Amino acid sequence: MAIKNFQGFRKPIKKEYDAPILVQDYMCKKLVTFSPDQSILAVMEAFAKHKISGGPVLDDNGFLVGIISEADCMKEISESRYFNQPIMDKSVEKFMSKNVETIPHDTSIFDAAGIFVQHNRRRLPVMKDDILVGQISRKDIVIAALKLCGHNYK
């Protein structure tokens, strides 16, 4: 909607929205998770089955202890060729990233975008009170930005 000003130009009317702009509004809540003692072969099968490229690793109490990705699986694939052996049935714990960068659930998507740029990650586990509540990806941030295009924020 636009109104004419006295010079004959159209001036857009800007509305302010209370649009959802937090990570928790756009994160994936139904996660495929893995355990440290799970086999790397099972992880690769889960990646293919669920069409995902990584996921959080949880201990027996449900606490985040790592993250496993396709890149981590490449280590096993590479080693199996180097040693001229089939892909071994080694555990996730051997390959997962243990120093996991996480993001709080109440971070704005704008700040999250900056974190993705700064740390060059594809996905980040989302935490609330030290509990895993979801995962946000670069794609989720792009989708959020498209949904919010044209909104003004208070």
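A pocket is here an open set of grid points at which a 1.4 Å probe fits, with protein on both sides within 12 Å along at least five of seven lines. Two such pockets are described below, after an overview of the chain; the model is a predicted one.

The protein comprises 154 residues, of which 32% are buried. Its secondary structure consists of 6 helices and 9 strands. When contacts between residues at least 6 apart in sequence are considered, 57% of them join residues at least 24 apart. The exposed surface amounts to about 10500 Å², and 53% of this area is supplied by carbon and sulfur atoms.

Strand β4, which spans residues 54–58, is largely enclosed by the rest of the structure, because 5 of its 5 residues are buried. Its partner is strand β5 (residues 64–69), with which β4 pairs in the antiparallel sense over 5 bridges. Within this pair, Gly54 is placed opposite Ser69 of β5. The two strands form a hairpin in which 5 residues lie between β4 and β5. The turn contains Gly62, whose phi is positive, at about 85°.

A separate open sheet is built from 3 strands in the order β6-β7-β8, with mixed pairing. Its edge strands are β6 (103–104) and β8, each of which pairs on one side only. Between β6 and β7 the pairing is parallel and extends over 2 bridges. Pro104 stands opposite Met127, a residue of β7. In general, strands of a sheet pair through backbone hydrogen bonds, in either a parallel or an antiparallel sense.

Elements of both strand arrangements contribute to the pockets. The largest pocket has a volume of about 400 Å³. It is lined by 20 residues, and those closest to its centre are Ile52, Ser53, Arg123, Gln135 and Ser137. At least two lining residues are supplied by each of β4, β8 (131–137) and α6 (138–148). By class, this lining contains 8 nonpolar, 5 polar and 7 charged residues.

The second largest pocket holds about 320 Å³ of space. Its lining is made up of 16 residues; Ile67, Ser69, Arg121, Arg122 and Arg123 lie nearest the centre. Here β5, α3 (70–82) and β7 (123–128) each provide at least two residues of the lining. The lining residues divide into 5 nonpolar, 5 polar and 6 charged. Arg123 is thus listed among the residues closest to the centre of the largest pocket and among those nearest the centre of the second largest pocket. Ser69, which faces Gly54 across the hairpin strands, also belongs to the central group of the second largest pocket.

Several residues outside the strands were examined individually. His50 is part of helix α2 (residues 40–50). With a relative accessible area of 39%, His50 is partly exposed. The C-alpha atom of His50 is separated by 8.1 Å from that of Val32, although the two residues are 18 apart along the chain.

Lys51 occupies the loop between α2 and β4. The phi of Lys51 is near 55°, which is a positive value in a residue other than glycine. Lys51 counts as exposed, at 77% relative accessibility. Asn120 is likewise a residue other than glycine with a positive phi, near 50°, and is located in the loop between α5 (109–119) and β7. The relative accessibility of Asn120 is 60%, so this residue counts as exposed.

Definitions and conventions:
Residues are numbered from 1 along each chain as its sequence is written. This is a predicted model: local features need pLDDT of at least 70, side-chain atom pairs count only at pLDDT 80 or more; totals for chains, interfaces and linings use all residues. Side-chain values use heavy atoms; hydrogens and water are left out. Helices (H or I, at least four residues) and strands (E, at least two) are DSSP runs, numbered from the N terminus. Buried means under 20% relative accessible area, exposed over 50%, partly exposed in between (1.4 Å probe, protein chains only). Contact means heavy atoms within 4.5 Å. Accessible areas come from the Shrake-Rupley method with a 1.4 Å probe; for residues, only the protein chains shown count as cover. Two strands pair if DSSP finds at least two bridges between them. On a 1 Å grid over the protein atoms alone, a cavity is a set of points where a 1.4 Å probe fits but cannot get out, and a pocket is an open set with protein on both sides within 12 Å along at least five of seven lines; lining residues have an atom within 4 Å of a point. Grid points are joined across faces, edges and corners, and a volume is the space filled by probe spheres set on the points. Ala, Val, Leu, Ile, Met, Phe, Trp, Tyr, Cys and Pro count as nonpolar, Asp, Glu, Lys and Arg as charged, and the others, Gly among them, as polar.
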